[in-house]
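Hi,

Here is the structure I promised to pass on. Could you load it and keep it open while you read the notes below?

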Amino acid sequence: MTPDPAAQPKTFAASEEFAAQANATAELYTRAEEQGEEFWADQARELLTWSTPFTEVLDWSNPPFAKWFQDGTLNAAYNAVDRHVAAGNGDRVALYFEGEPGDSASYTYAQLKDEVSKAANAFEALGVGKGDRVAVYMPMIAEAVITMLACARIGAIHSVVFGGFSADALRSRIEDGEAKLVVTADGSYRRGKPTTLKPAVDAALEKGGDSVQHVVVVKRNGEDVAFQDGRDVWWHEVTENASTEHTPSEQNAEDPLFILYTSGTTGKPKGILHTTGGYLTQAAFTHKNVFDLKPETDVYWCTADVGWVTGHTYIAYAPLVNGATQVIYEGTPDSPHRGRFWEIVQKYGVSILYTSPTAIRTMMKWGEEIPGEWDLSSLRLLGTVGEAINPEAWTWFHRVIGGGRCPIVDTWWQTETGAMMISPLPGVTAAKPGSAQVPLPGIAVDVVDDAGTSLPNETDGFLVVRKPWPSMLRTIWGDDERFVNTYWGQFGDKYFAGDGAKRDADGDVWILGRVDDVMNVSGHRLSTPEIESALVSHPSVAEAAVVGAKDETTGQAVFAFVILSDQATAENRDAAELAEEIRAHVGREISPIAKPKKVLIVPELPKTRSGKIMRRLLKDVAEDRPVGDVSTLADQTVMQQIVDSLGAK
Ligand code: PRX
């Protein structure tokens with residue numbers, strides 16, 4: 001029997017009760033449409049506290065260099081913390097910290113204000129001031145958020161480097177930003193075991209990072225770490241006697257707030273620069289409307305790490321600016337058991353949960369009995385980010401975690417966009433599994449062909465943004481030219497995001513994945529050339545090509561094809577052992593997240609006559625498909641040689 005289409009809803013509308021209380025209304029779209037930039041000015045005035053009100057909304061006289069609210073002044077930390085205390089909400093919990101081993105701590109807004117002020121005073125005493133860069137290499141502990149806010153408070157620019165990155169990756173980011181201070185921890189916990197961070201900082205600074213004057217170290221797990229006299233100081237020692245009084249520095253709306261490095265299409269990561277007023281406006285607006293935040297009653301939990309942009313916008317800034325109570329969790333979802341996420345939801349009564357499709361797919365694999373053991377009735381809204389969510393995972397999330405009652409928001413955005421750009425509005429948009437759906441009010445998104453012409457529905461093309469938006473990146477740190485070329489080179493006056501997309505018959509946007517040399521593994525952005533250069537830095541590797549192949553759990557997985565050096569070939573080592581050594585090498589050079597799932601040793605790589613590697617053919621092999629058109633290869637037998645060599649193993 002053919003299923004009745006009416007019985008298989010394509011979309012999921014929020015319940016009437018939800019819609020009746022929702023922050024978002026359909027009128028937001030019309031208002032944004034009618035008012036243009038003034039819409040954002042209203043949001044900026046309503047959602048933020050300004051020391052000096054702005055009079056100019058947007059200066060786009062020198063595209064693509066946007067200036068939003070540029071004659072206004074404010075302080076991000078004041079907005080995130082102090083003003084809630086001033087408004088009488090000092091006793092509200094700002095942060096619930098849950099450590100991986102099960103220890104916990106909570107900070108009210110009043111306590112957070114004291115901690116941020118103490119850290120701000122301590123950093124200033126170490127010689128850090130407005131405009132200085134501070135590298136933050138920390139686990140997911142409250143001090144990471146406190147550090148970011150303390151930097152914002154004094155006008156220093158934080159540059160958070162994901163704690164999983166290697167010493168080399170850390171050093172190159174410290175050097176590019178010329179950081180004066182590094183804030184780190186002795187270590188953390190991962191899957192029940194203590195890990196270390198400080199030794200990577202030492203290794204990074206041993207070979208360079210000459211701009212660094214001090215390293216502040218949080219004692220998290222008590223691991224023995226080396227200290228360099230005069231340079232290294234303990235967090236608890238420098239903050240212990242620091243004053244809880246600190247006057248926030250008055251920042252211009254366009255003063256930099258942070259740099260965050262992200263992988264691009266070349267080996268060198270890009271330092272994405274975000275400024276203060278516009279960034280906070282869009283962060284707060286989206287957090288309020290897309291998550292339907294009710295600060296008095298909600299408990300919000302975003303499972304991201306502060307090392308990524310999600311942890312910046314939707315942990316360190318937006319929730320606090322909006323006065324929310326949020327949970328931060330140090331560890332992995334399976335430690336000490338596979339129900340850890342749901343235990344946390346139950347323990348804190350989490351009502352809004354923001355996570356990644358990879359996490360959802362992993363938990364799907366573990367089985368629905370596990371979440372079934374916990375009380376998830378506090379949840380009322382679910383969100384996903386980082387990669388497309390396949391409809392099966394969406395439906396599982398909706399049914400098993402959301403009990404069929406929670407709207408799901410699939411939010412598309414990027415490090416560069418600073419905040420969400422495309423997402424359903426809960427209570428307004430009926431959700432369609434797998435599609436990020438509608439540009440948010442005030443955001444002008446389009447799908448275009450390679451000449452930049454807008455495409456009709458149901459046609460694959462490139463995702464672009466047509467108009468400047470408040471939280472857009474302002475430049476690539478120290479490299480305006482690269483900023484212009486990377487994002488505005490292709491379609492002139494439109495920002496090109498690097499993603500393919502199409503609109504369906506209803507006009508809803510479906511993200512089709514990256515169209516450049518960027519891979520997306522578990523929602524982490526990895527650069528093809530960056531991994532290739534790590535591979536060829538191994539003495540046994542002569543040449544390497546990397547592709548992102550479809551993976552059921554992680555979205556994509558890294559497959560590396562390598563040609564061995566003559567010496568390695570002569571040594572005739574066990575291939576599996578050598579492949580494992582090469583994988584580990586990439587883990588050390590970049591990060592464990594960049595480790596190829598498979599390293600395949602091949603006799604040749606498919607190249608065109610001009611020497612360009614045809615990665616698309618390698619992708620066919622990695623995805624176990626018949627190999628496509630080889631007619632442009634210099635040597636058309638290469639693919640056969642590769643297939644044969646792999647088949648033989
Ligand atoms: O390819 C898109 C994918 O993640 C990329 C941005 O990665 P990053 O800068 O690390 O930021 C991730 C968190 C905002 C995008 O170019 N992406 C992000 N969200 C989605 C997505 N792909 C599909 N659907 C999404 N909701």
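What follows is a run through what I found, starting with the ligand and moving out to the core, the backbone and a few individual residues. Keep in mind throughout that this is a predicted model.

**The ligand site**

Start with the ligand, which has 17 residues around it. The closest ones are D410, T411, T415, D499 and R514. Sorted by class, that shell comes out as six nonpolar, six polar and five charged residues.

Three polar atom pairs are worth showing as dashes. T411 uses its backbone: one of its N or O atoms there lies 2.8 Å from a nitrogen atom of the ligand. With D499 it is the side chain, where an N or O atom is 2.7 Å from a ligand oxygen. R525 also comes in through its side chain, with an N or O atom 2.8 Å from an oxygen atom of the ligand.

How much of the ligand's accessible area does the protein cover? On its own the ligand has 540 Å², and the protein covers 95% of that. As for where the shell comes from, the elements giving two or more residues to it are α11 (309-321), β20 (408-411) and β25 (509-514).

**The core**

Next, colour the nonpolar core. The largest one has 162 residues. If you want anchor points inside it, F69, F123, L149, Y317 and I531 are those with the most contacts there. Helix α6 (residues 142-154) is the top contributor, giving 10 residues to this core. Where does the core sit relative to the domains? Domain 1 (12-501) and domain 2 (518-646) both supply residues, so the core lies between them. As background, nonpolar side chains in soluble globular proteins tend to be buried together.

**Backbone oddities**

Two cis peptide bonds turned up. One runs from P63 to P64, with omega near 0°. P64 is in the loop that links β1 (58-62) and β2 (65-68). The other goes from S335 to P336, again with omega near 0°, and P336 belongs to the loop between β17 (325-329) and α12 (340-348).

There are also two non-glycine residues with positive phi to look at. S522 has a phi of about 50° and sits in the loop between β26 (518-521) and β27 (524-527). Its relative accessibility is 22%, so S522 counts as partly exposed. D624 has phi near 60°, and its loop is the one between α20 (615-622) and α21 (638-647). Is D624 buried or exposed? D624 is exposed, because its relative accessible area is 73% and the cut-off for exposed is over 50%.

**Two buried aspartates**

Both of these are in helices and both have an arginine partner. D82 is in helix α4 (residues 76-89). With a relative accessible area of 7%, D82 is buried, since buried means under 20%. Which side chain does the side chain of D82 make a polar contact with? The partner is R153, at 2.8 Å.

D620 is in helix α20. At 8% relative accessibility it counts as buried too. The side chains of D620 and R625 are joined by a polar contact of 2.8 Å.

**Two distances to check**

Finally, two C-alpha pairs that you can use to get your bearings. W488 is in helix α16 (residues 480-488) and, at 7% relative accessibility, counts as buried. Its C-alpha atom is 9.9 Å from that of V464, with the two positions 24 residues apart along the chain.

For the other pair, go to S533 in helix α17 (residues 528-536). S533 is partly exposed, with a relative accessible area of 39%. S533 and K118 are 415 residues apart along the chain, and their C-alpha atoms are separated by 42 Å.

If you only have a few minutes, I would begin with the ligand and the side chains of D499 and R525, then turn to the core between the two domains. The cis bonds at P63 to P64 and S335 to P336 can come after that.

Cheers

Key: Residues are numbered from 1 along each chain as its sequence is written. This is a predicted model: local features need pLDDT of at least 70, side-chain atom pairs count only at pLDDT 80 or more; totals for chains, interfaces and linings use all residues. Side-chain values use heavy atoms; hydrogens and water are left out. A residue is near a molecule or strand if one of its heavy atoms lies within 4 Å of it. A polar contact is a pair of N or O atoms within 3.5 Å; within protein, one must be able to donate a hydrogen and the other to accept it, and residues adjacent in sequence count only if both atoms are side-chain atoms. Accessible areas come from the Shrake-Rupley method with a 1.4 Å probe; for residues, only the protein chains shown count as cover. Helices (H or I, at least four residues) and strands (E, at least two) are DSSP runs, numbered from the N terminus. Ala, Val, Leu, Ile, Met, Phe, Trp, Tyr, Cys and Pro count as nonpolar, Asp, Glu, Lys and Arg as charged, and the others, Gly among them, as polar. A nonpolar core is a set of buried Ala, Val, Leu, Ile, Met, Phe, Trp, Tyr and Cys residues joined through side-chain atoms within 4.5 Å. Buried means under 20% relative accessible area, exposed over 50%, partly exposed in between (1.4 Å probe, protein chains only). Domain bounds come from an automatic or database domain assignment.
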